[in-house]
Amino acid sequence: MANPEMDRANELPNEQEVVRRAAAGDKDAFGVLYRAYAPRIYAVVYGLLMNRDEALDVTQVAFLRAWRALPRFQLGRPVFPWLYAIARNRSFSRMASNKASSQAVELQERHGSASDGHDRMVELRHDLGSAMAKLSLEQREIIVFRHFQSLSYKEIALVIGCPVGTVMSRLHNTRKALRVLMMDWEDDT
Amino acid sequence: MRCHEVGELLSALLDGELSSSEEQDLLRHVQVCPVCSQEFRDLQRLEDMMSKVCLPDLPDAAWEEHWSCLYNKLERRIGYLFAGIGITLLLIYGFFELLHMWFLNPAVSLLLKMSIGILGVGLIILCISTSREKLLSRRYDRYKELVR
């Protein structure tokens with residue numbers, strides 16, 4: 001892929017060749033795309049919907065739709081933003097028709113992170129997950145891409161389809177909102 | 001640099017998204033401004049909290065199982081397509097056969113032709129009406145995308 005901004009958003013080395021084969025009906029090639037991108041799509045969709053079963057459903061539906069639309073896919077473009085756009089639309093419409101499902105984002109302890117003790121970590125996971133659930137979909141989306149997928153601003157802009165400036169301001173506003181929601185927790189430290 | 005210009009640049013500084021000159025300008029301001037300095041510390045604390053957690057992932061075996069389920073659906077889709085084409089061709093063939101054997105045959109009575117004709121028209125209307133209802137109800141079905 002020529003665009004350096006997409007290096008992490010587009011991790012499959014011979015992606016275009018795989019896409020070309022998948023678009024021609026090669027299911028094994030589509031399987032390669034699936035294995036490369038489904039876990040990442042699922043992680044972001046889970047961050048949006050906060051429900052494992054729904055996130056798996058949306059991931060599956062997104063890939064079924066992608067399979068049907070692949071023959072019309074413009075070769076040369078990165079696949080992840082395209083796949084994510086399909087999953088994002090499904091997530092937003094699923095969320096709109098299922099407003100009662102938000103409770104908390106289930107978070108795990110990151111491997112290799114400095115441990116604050118088990119109880120403290122459980123508390124942090126719970127409070128941060130509950131705080132994230134109170135954010136809007138767009139806010140959760142940007143937090144997931146930045147913090148859990150480690151995408152740069154340019155990569156996020158490309159995936160979400162908005163200017164870099166919008167990413168910067170949305171991320172800052174989201175952090176401010178999250179900071180307010182986590183104020184009590186911070187006061188404990 | 002003034003406080004109202006800093007805002008979202010603090011986040012960008014935290015994420016390493018600024019050029020070195022922008023970074024130096026901003027750090028110079030943060031060092032002398034207690035308000036922006038406090039805001040930057042708050043953002044760093046949040047970043048520290050976020051760095052300790054991650055989203056849950058599924059084990060590789062679960063992804064393989066998920067893929068084989070999806071693969072079967074893709075395969076069945078081709079089966080449905082061929083079956084649909086075959087049924088359509090058979091229906092067209094049957095229609096012309098019926099036309100040839102019954103309706104164009106002077107030996108068959110007019111009453112029988114009319115009865116079969118009316119029955120055919122009724123079945124077509126029922127078929128169209130049911131299909132339309134199914135399509136419309138699917139459009140507004142909240143659970144249509146749930147893969148069961």
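In the predicted model, chain A comprises nine helices and one strand. Read from the N terminus, the order of these elements is α-α-α-α-β-α-α-α-α-α. Chain A contains 189 residues, of which 54% count as buried. Among the contacts of chain A with a separation of 6 or more, 70% are made by residues 24 or more positions apart. The exposed area of chain A is about 8,200 Å², and carbon and sulfur atoms supply 49% of this area.

Two non-glycine residues of chain A with positive phi values were examined in their loops. Met50(A) is not a glycine, yet has a positive phi of about 60°. Met50(A) is placed in the loop between α2 and α3 of chain A. With a relative accessible area of 4%, a value under the 20% limit, Met50(A) is therefore classed as buried. Ser150(A), likewise not a glycine, has a positive phi of about 55°. The loop between α6 and α7 (153-160) of chain A holds Ser150(A), and this residue counts as partly exposed at 34% relative accessibility.

The association of the two chains was considered next. Chain A and chain B together bury about 4,900 Å², with carbon and sulfur atoms accounting for 63% of that area. On the side of chain A, the residues that lose the most area to chain B are Lys27(A), Tyr34(A) and Gln60(A), together 14% of what that side buries. In terms of residues, 59 from chain A and 40 from chain B take part in the contact. Between the two chains, 11 residue pairs are in polar contact, with both residues at pLDDT 80 or more. The elements of chain A that each give two or more residues to the side touching chain B are α2 (27-49), α3 (52-69), α4 (79-96), β1 (108-109), α5 (118-133), α6 (137-148), α8 (164-181) and α9 (183-188). The largest share of this side, 12 residues, is contributed by α2(A).

Charged pairs were then assessed within and between the chains. Side chains of opposite charge can pair when their charged atoms come close. Over all chains, the structure holds 13 salt bridges, and five salt bridges are found across the interface of chain A and chain B. One salt bridge at the interface joins Arg35(A) and Glu64(B), whose closest N and O atoms are 2.7 Å apart. This pair crosses between chains, linking helix α2 of chain A, where Arg35(A) lies, to helix α5 of chain B, where Glu64(B) lies. Both partners are partly exposed: Arg35(A) has a relative accessibility of 42%, and Glu64(B) has one of 39%.

Salt bridges also occur within single helices. In chain A, Arg20(A) and Glu17(A) form such a pair, with their closest N and O atoms 2.8 Å apart. The two residues are three residues apart in helix α1 (residues 15-23) of chain A, so about one helical turn separates them. Arg20(A) is partly exposed at a relative accessible area of 40%, and Glu17(A) is partly exposed at 36% relative accessibility. In chain B, Asp42(B) forms a salt bridge with Arg45(B), the closest N and O atoms being 3.9 Å apart. Helix α4 (residues 34-50) of chain B contains both Asp42(B) and Arg45(B), which are three residues apart, about one turn of the helix. Here Asp42(B) is buried, with a relative accessible area of 15%, whereas Arg45(B) is partly exposed, with 33%. Salt bridges with shared partners also connect Arg146(A), Arg175(A), Asp15(B) and Glu47(B) in one network.

Further features were noted in chain B. His29(B) belongs to helix α3 (residues 20-32) of chain B and counts as buried at 9% relative accessibility. Leaving aside residues up to four places away in sequence, His29(B) touches Met1(B), Arg2(B), Cys3(B), Val6(B) and Cys36(B). Of these contacts, Arg2(B) is 27 residues from His29(B) along the chain, and the C-alpha atoms of the two are separated by 7.5 Å. On the surface, Ile78(B), Leu81(B), Phe82(B), Ile85(B), Leu89(B), Ile92(B), Phe95(B), Phe96(B), Leu99(B) and Leu104(B) make a nonpolar patch of about 1,000 Å². One member of the patch, Leu89(B), is located in helix α5 (residues 60-103) of chain B. Leu89(B) counts as exposed because its relative accessibility is 56%, and the limit for this class is over 50%.

Definitions and conventions
Residues are numbered from 1 along each chain as its sequence is written. Chains are lettered from A and ligands numbered from 1 in the order in which they are written. Side-chain values use heavy atoms; hydrogens and water are left out. Helices (H or I, at least four residues) and strands (E, at least two) are DSSP runs, numbered from the N terminus. Buried means under 20% relative accessible area, exposed over 50%, partly exposed in between (1.4 Å probe, protein chains only). Contact means heavy atoms within 4.5 Å. Accessible areas come from the Shrake-Rupley method with a 1.4 Å probe; for residues, only the protein chains shown count as cover. Patches are made of residues with over 30% relative accessible area and no salt bridge: like charges are joined within 9 Å, nonpolar side chains (Val, Leu, Ile, Met, Phe, Trp, Tyr) within 5 Å. A salt bridge is a side-chain nitrogen of Lys or Arg within 4 Å of a carboxyl oxygen of Asp or Glu. Buried area is the accessible area (1.4 Å probe) that two parts lose on being put together, summed over both. A polar contact is a pair of N or O atoms within 3.5 Å; within protein, one must be able to donate a hydrogen and the other to accept it, and residues adjacent in sequence count only if both atoms are side-chain atoms.
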